[in-house]
Amino acid sequence: MQQYVPRPPSTVGDWSDARRKMQLRRSRPGHSWRRFGRTRRMLMWLGLSMVPVLIVGGQYWVQDVQPERERLAQTLPAVHDVYEAKDPADQKTAVVDMVGLGNVDATDTARSLGAYTDLGQVWAVEYDNSGIDTKVISDLIVDHAAATGTDNIILSGHSMGGVVALEVAQHIYEDTDTVLAGVVLDCTPVDLHAVRGDARDAGEDMLRWIGWLPGARESRSLRVLVETAARKDRFLDSNSWYPRVDLSALGSVVEEVLHDKVFSDDAASNGLIESQFKVIVASGAIDNLKSLAVERDGKPLPAVVFVRPRDGRFDPVVDVDYTQRILVEQSGGVDGTLLVAKLDGIGHANPIQQPAAYNAAIENRIAPFLRPLLPSPPVRTY
């Protein structure tokens, strides 16, 4: 048994800060590393500091991104029947409606356009919420037409939906036997230059964020931040020398975003909005219009109808005057097939808000313009 050797009591004079620091150095992690010791210790502490980041990132991916990715993988595009034709003799014709940026299903919009029943049936396209493929949409429409015995198609697109409609129109006109009687474009930007500066900048910023941040195409938490920031004028007072936040208004905005843009099954996903904006960025609308102006296999040339506010300043998103000039160059002229319908009291592609103005235009101008272009039904003899 080792004997206890008594030590004299320690005093303040025995304290040595240098000895304390030396002992700490001797006992710190990695104290025995001689080769690249400082570098190895720095890398070790850097790795440890990343642990909380990795934990938060893992939860973001597992709880936010992955469930939404799995949900979107189950979504599919579809064509919905909305109205039967007013006259049973017009059942061979269908007007197919498509919505614009930030929307998925055109059913509600098509319901607001009951005057289209003067031309035939009314259908609505529901996009795949994970993205847009115009060839898939055109095949869906043609297959639905074949299944219902429909021979003639009129496409109707609102805002960016008109860009989609033009691409779909080219597929139907060039690749199928289905008769494409016309395309109705409601405040449609024929290219990115037709989109007004603020809306174009917002879309380009969105593309950059989605490109930079992993999982941004599916993330619901990022969607809340972006959509809330887009409504900052409702809760942020920037007139004072420092920004003041109205917490009550902020709560209402967040509740609205969660209800309409995050938890709603009808809300467009980040990925669909990205795909929709890319359709505008990469728009070949002018090429589509040129293709629709060339006769194919004896088919009648499809007509083009452009619906816009009478005063272009009432459309805050699209420069409709610019689009009209392009349409006149490509589809107008002496032998052209263009109708421009200028409506009073409308803004940017808002038939749900202004159904009376849209339906009056369809009844009095658009339907009389398109009806003569539809093939006459065969005369039955008995």
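**Figure 1. Asp 139 and its salt bridge with Lys 135 in the predicted model.** Asp 139 is partly exposed, with a relative accessible area of 32%. Its partner, Lys 135, is likewise partly exposed, at 35%. The two side chains meet in a salt bridge with an N to O distance of 2.9 Å. Both residues belong to helix H4 (residues 134-148), where they lie four residues apart, about one turn of the helix. By the rule applied here, the count of salt bridges comes to ten.

**Figure 2. The salt bridge between Asp 321 and Arg 308.** The closest N and O atoms of this pair are 2.8 Å apart. The contact links distant parts of the chain: Asp 321 is in helix H11 (residues 320-331), Arg 308 is in strand S8 (residues 303-309), and the two are 13 residues apart. Asp 321 counts as partly exposed, at 34% relative accessibility. Arg 308, in contrast, has a relative accessible area of 2% and is therefore buried, since that value is under 20%.

**Figure 3. The salt bridge between Asp 344 and Arg 310, two loop residues.** The side chains of Asp 344 and Arg 310 meet at 2.8 Å, N to O. Distant parts of the chain are linked by this pair, whose members are 34 residues apart. Asp 344 lies in the loop between strand S9 (338-343) and helix H12 (355-370), and Arg 310 in the loop between S8 and H11. Asp 344 is exposed, because its relative accessible area of 52% is over 50%. Arg 310 counts as partly exposed, with a relative accessibility of 46%.

**Figure 4. The largest nonpolar core and the surroundings of Ile 141.** This core has 79 residues, and those with the most contacts inside it are Tyr 127, Ile 141 and Leu 155. Helix H5 (residues 160-175) supplies the largest share of the core, nine residues. When residues up to four places away in sequence are not counted, Ile 141 touches Val 79, Val 96, Met 98, Trp 123, Val 125, Ile 153, Leu 155, Val 168 and Ile 172. In soluble globular proteins, nonpolar side chains tend to be buried together.

**Figure 5. A second, separate nonpolar core.** This core has six residues. Among them are Val 224, Val 253, Val 257 and Val 262.

Key. Residues numbered from 1 in each chain as written. Predicted model: local features only at pLDDT ≥ 70, side-chain atom pairs only at ≥ 80, totals over all residues. Heavy atoms only, no water. Core = buried A, V, L, I, M, F, W, Y, C linked by side-chain atoms within 4.5 Å. Buried < 20%, exposed > 50% of the residue type's maximum accessible area, 1.4 Å probe, protein only. Contact = heavy atoms within 4.5 Å. Salt bridge = Lys/Arg side-chain N within 4 Å of Asp/Glu carboxyl O.
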